[in-house]
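Welcome! Take a moment to look over the structure below, and then let us walk through it together, one part at a time.

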Amino acid sequence: MDKVTSNKKKKRLLMRVTILSVLIAAVAYTLYSTLSEDERTLVKEGDDAPDFVLTDLDGESHRLSDYKGQGVFLNFWGTWCKPCEEEMPYMENQYQEFKDQGVQTIAVNVGESDFKVRNFAEKHNLSFPVVRDVQKDVMYAFSIGPLPTTLLINPEGEVVKIIKSGMTEEMVASYMDMIKP
């Protein structure tokens, strides 16, 4: 009996040590990932925005560098993203206010079909360029994480602010004012 009980205790101890080791490893990895996130970010505030070319729903190409001299409100979004959908009318309203003041809005859809993106744009009566990043190359180049993410790019082509959340209309207006030439 003592030998059986001793074996059970050893197995239980081994199991507990294994579980504890896995938990410690998971916590260590989480801490490392969180602390090194900034190092993995390819584009940071203060960096020049990488140039790209994407096509809009009308088949026209949009090259970021063509907007040099203007502020660019660059928004990454998805049709399935509720905060993205909530901020689109605010972006449209403020685009109408700021487009003649040298601020452009470009909405980059990440990886969805033309059909979904077109229906979404029509539903929300979007008049600013809506482009598709089908292969997610631009998303990766800008190291976009959660959607929506918006980059504010000044007239010199520098990223002045990165917003990783949904926005109110007041926020959109103040951000567009921030990058006005």
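A good place to begin is helix α6, whose buried residues are covered by several elements, including β3 (71-77), α3, β4, β6 (149-153) and β7 (159-163). Keep in mind as you look that this is a predicted model. Which residues of α6 are buried? Within this helix, which spans residues 169-178, they are V172, Y175 and M176. Viewed down the axis of α6, the buried residues fall within an arc of 100 degrees, so they line one face of the helix.

Now let us turn to the strands. Strand β5 (residues 130-133) is joined to β1 (residues 53-56) by two bridges, and this pair runs antiparallel. You can find one contact point of the pairing at T55, whose bridge partner in β5 is R132. Strand β5 also pairs with β4 (residues 103-110), this time through four bridges and in a parallel arrangement. Here V108 has V131 of β5 as its bridge partner. If you follow the chain from β4 through helix α4 (residues 114-123) to β5, you trace a right-handed β-α-β unit.

Charged side chains come next. How many salt bridges does the structure hold? There are six. One of them links E85 with K82, with the closest N and O atoms 3.6 Å apart. These two sit three residues apart in helix α3, and are therefore separated by about one helical turn. With a relative accessibility of 15%, E85 counts as buried, whereas K82 is exposed, at 55%. E85 also forms a salt bridge with K123, where the closest N and O atoms are 2.9 Å apart. Because K123 lies in helix α4 and E85 in helix α3, this pair ties together parts that are 38 residues apart in sequence.

Helix α4 has a salt bridge of its own, in which the side chains of R118 and D114 meet at 3.3 Å, N to O. Both residues lie in that helix, four residues apart, or about one turn. Elsewhere, salt bridges that share partners join K82, E85 and K123 into one network.

Finally, look at E87, another residue of helix α3, which covers residues 82-98. E87 is buried yet has no salt bridge, and the nearest side chain of opposite charge, K161, is 13 Å away. What does E87 touch, leaving aside neighbours within four places in sequence? E87 is in contact with N75, P148, T150, S165, G166 and M167.

How values were computed: Residues are numbered from 1 along each chain as its sequence is written. This is a predicted model: local features need pLDDT of at least 70, side-chain atom pairs count only at pLDDT 80 or more; totals for chains, interfaces and linings use all residues. Side-chain values use heavy atoms; hydrogens and water are left out. Buried means under 20% relative accessible area, exposed over 50%, partly exposed in between (1.4 Å probe, protein chains only). Lys and Arg count as positive and Asp and Glu as negative; His and the chain ends are not counted. A salt bridge is a side-chain nitrogen of Lys or Arg within 4 Å of a carboxyl oxygen of Asp or Glu. Contact means heavy atoms within 4.5 Å. Two strands pair if DSSP finds at least two bridges between them. A crossover is right-handed if, with the strands pointing away from the viewer, the path from the first strand over the helix to the second runs clockwise. The arc is that of the directions from the helix axis to the C-beta atoms.
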